[in-house]
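Trainee: Take one part of this structure and go through it closely with me, please. I'd like to hear about the second largest pocket: what supplies the largest share of its lining?

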Amino acid sequence: MRTSARAVVIGGGVVGASVLYHLAKIGWADVMLLEKSELTSGSTWHAAGGMHTFNGEANISRLQKYTIDLYREIEALSGQSCGLHPNGGLMLAATQGELDSLKLICSRARYLGMETEMISLEQAREFNPLIDTRHFIGALWRADGGHCDPSGTTQAYAKAARKLGATVERFTRVLELQPRTDGSWDVVTDKGTVRAEHVVNCAGLWAREVGHLVGIELPVLAMEHHYLITEDLPELEGRAQEIVNTTDYAGEIYMRQERRGALIGTYEPHGIVWSPLKTPDDFSMQLLPEDFERLAPYFEVGFRHFPALGRAGIRKAVNGPFTFAPDGNPLVGPVRGLRNYWVACAVMAGFSQGGGIGLVLSRWMALNDPGQDILSMDVARFGAFATPKYTSIKVPENYARRFRLAYPNEELPAARPVRRSPIHEQLLAAGAVMGANFGLENALWFAPAGVAPTETPTYRRSEAFPVVRAECQAVRGAVGLYETTNYGKYEITGRGARAWLDRVFACRLPKVGRLTLAPMLNAAGRIVGDLSIACLAEDRFLIVGSGFAEEFHMRWFHGAEPPADVHIRSAASTLCGVSIAGPRARELVQSLTRLDLSAAAFKFFQVAQTAIGFAPSILTRAGFTGELGYEIWTTPDYFTALYEDLWEAGRGMGLKHFGGRALSSLRLEKAYGSFNKDFRPDYTPGETGLDRFIDFDKAAFTGRDAAAAERASGPKRRFVVMEVADAEADVVGYESIMKDGKAVGYVTSGAFGHCIGKSLAAGYVPAALAREGTRFEIDILGEMRMATIRLEPLYDPQGLRLRA
């Protein structure tokens, strides 16, 4: 065994083999895979081998398509068959909500270039004659998908990697991971020590334990998972083609053909966690005991929906463990504080996602950029809140919902509430309906007296619609209070803070007492942050951004090599805040402070440290509603007093609570984009319009060359807000934007503009089409609706109220 490698990949399942292949393909020939047993011996070998492109996140769908298309490439290079059965995918709907979900998938597929269509139940039976159509109301078919041989596919990756120079060491156990001062690692095994520049944790069932070797607790847990293989089915005799892989939402069943029989699996409620504390070292090529009595009711649903399966005998039962993250998506990327340590784990859909994960991780390691937006897979989407207890509760919830719909207005209840602000109980008493952002409870809307604080999950407008309208009108008409504690907050201090921030951010840094909007770019000139920077003193800055991205941005800041005289601290748990917005906002805040808040004395984007009532606070004149507004930050020990002072002072001014739903409506009326929804690492400054906040006179900042090149040539697409006509439902995200029958763009977010009476959709279209009044069509739940670009905000286009 070699004693050095550029990268050591730990784990010989399909994901580890894919990462090895892609690292070798990108030019890192000196890479090594270490597997403690035989390749595939963890969970890969007993997988059902399904492959598909269905995913609620468009970027993950793209990577899944890449994975499926890759198999022919590695077959040709390796000479090893992947056992491909590219027979496509079929999804069945039994309720209107499920049918809406399929229509949304179909709309998204147009722009993604995936051959997909809604079909009749009669057509569905042609693809799969086992379906009893009495249980369903609609179906969707997609050309991409099928199934493969798990062992053959993994071996194909490994053989292809070897041909490119990589090595595979089987039956080699990793015992220790010791960091070196130069950022490299000593990988201590039972066969000797390998010095590696990089280490990749692809250990699957043992990812948690490999994390423990470096002192981290990854949010990953294994669940038992069952599937059955039937005896031969007479209904399949004489068919020239295999039946299409089929997913039954209502039955929570998946099935496909296996030889002349069928394979049927279920993600049952009340699933069983496997090895909750430690994965056995000697678990290899093993299955778990069958549990027919517990699972019989769930398989019986499948037998009713596919009656031939109930008449057939069972040839084989498989119960094996698979790993999951709390939200069901993989954990991919670098870990903050561990130089050159990477993860690619919790990949339960390895034969759909493994190739794409290998692609983006190899780019990330070799080029310092994954090459596309993978926020939904990034390990940094979880922070300290994802403790073992949290993971042990959320993973079973996610497992049980594997084939249930995730409605856009639905909030899942498990492991909540975890993080709560000091005014959590007061907001609940005011009728708050809560969501969770990075584990922190935040108000979505406020149920008035006599209205239940609950909401029916739907793709359409819910019972919250008129309540949110009233919240929006209260803000526009008088004054509203929104808790901003769920925002990401960071304090940057030290003598070198200004010079370092000037290099990290693309904007001109503000002077003391001022705030500015601050795009942050990667080296490729793409958006990795849309934040604000307030300068509190020459050596002290407060940065505010999206709460979900707290760990993502902390990792980015630390990766930007701050010098010794720069100190970075997350203020997520040390600063709480509120936004006060509306035409009476100045009157309200002025009643609680001695600071002169007149328009001439305290101008737009001004910042001050002052007392607001009892609370020593940081006060900024800013907001996200398009109204005259202030953001107030104080420490948790003063926050309840601040809230009570504001509420008492505002009673006679019409002060109302408003939540995240109202904020989404208000900001789209002003054509404001939002990080994560509208601005992500796929987009550039010119495309988003954030280039207007870039200081191109600065000699150097991250991404400057790429941003300047785009400025010279012009962006290829642009972010626009569109008015949608005759919409009975509002867009969700990633619906295709159509022009002359072709998909030319896609939606990123949307809401109903309650104060202008119009449905709004934000998204990206080709720059040549981004003109006032250009008309498109958007497929909203199967109905084509006309959408017209409005280049000026539909509410207060001159910004007079904002600067009042």
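Mentor: That's α14, which puts five residues into the lining of the second largest pocket. Before going on: this is a predicted model, where local features need pLDDT of at least 70 and side-chain atom pairs pLDDT 80 or more, while totals for chains, interfaces and linings use all residues. Residues are numbered from 1 along each chain as its sequence is written, and side-chain values use heavy atoms, with hydrogens and water left out.

Back to the pocket. Besides α14 (550–559), at least two lining residues each come from β11 (192–201), β19 (341–345), α9 (350–367) and α13 (497–504). Helices and strands here are DSSP runs numbered from the N terminus (H or I, at least four residues; E, at least two). The lining comes to 39 residues, and those nearest the centre are Pro-334, Trp-364, Asn-368, Arg-555 and Gly-559. A pocket is an open set of points on a 1 Å grid over the protein atoms alone, where a 1.4 Å probe fits and protein lies on both sides within 12 Å along at least five of seven lines; lining residues have an atom within 4 Å of a point.

How much room is in there? About 1,100 Å³. As for chemistry, the lining splits into 18 nonpolar, 11 charged and 10 polar residues. Asp, Glu, Lys and Arg are charged, Ala, Val, Leu, Ile, Met, Phe, Trp, Tyr, Cys and Pro nonpolar, and the others, Gly among them, polar.

While you've got the model open, look at some backbone oddities too. Most peptide bonds are trans, and most residues other than glycine have a negative phi. Yet Arg-416 and Pro-417 are joined by a cis peptide bond, with omega about -10°. Pro-417 sits in the loop between α10 (388–400) and α11 (424–429).

Two non-glycine residues with positive phi are worth a click. Phe-171, in the loop between β8 (167–169) and β9 (174–179), has phi near 55° and is partly exposed at 43% relative accessible area. Asp-740 also has phi near 55°; you'll find Asp-740 in the loop between β34 (736–739) and β35 (742–753), and Asp-740 is exposed, at 73%. The cut-offs, with a 1.4 Å probe and protein chains only, are over 50% for exposed, under 20% for buried, and partly exposed in between.

Key. Points joined across faces, edges and corners; volume = space filled by probe spheres on them.
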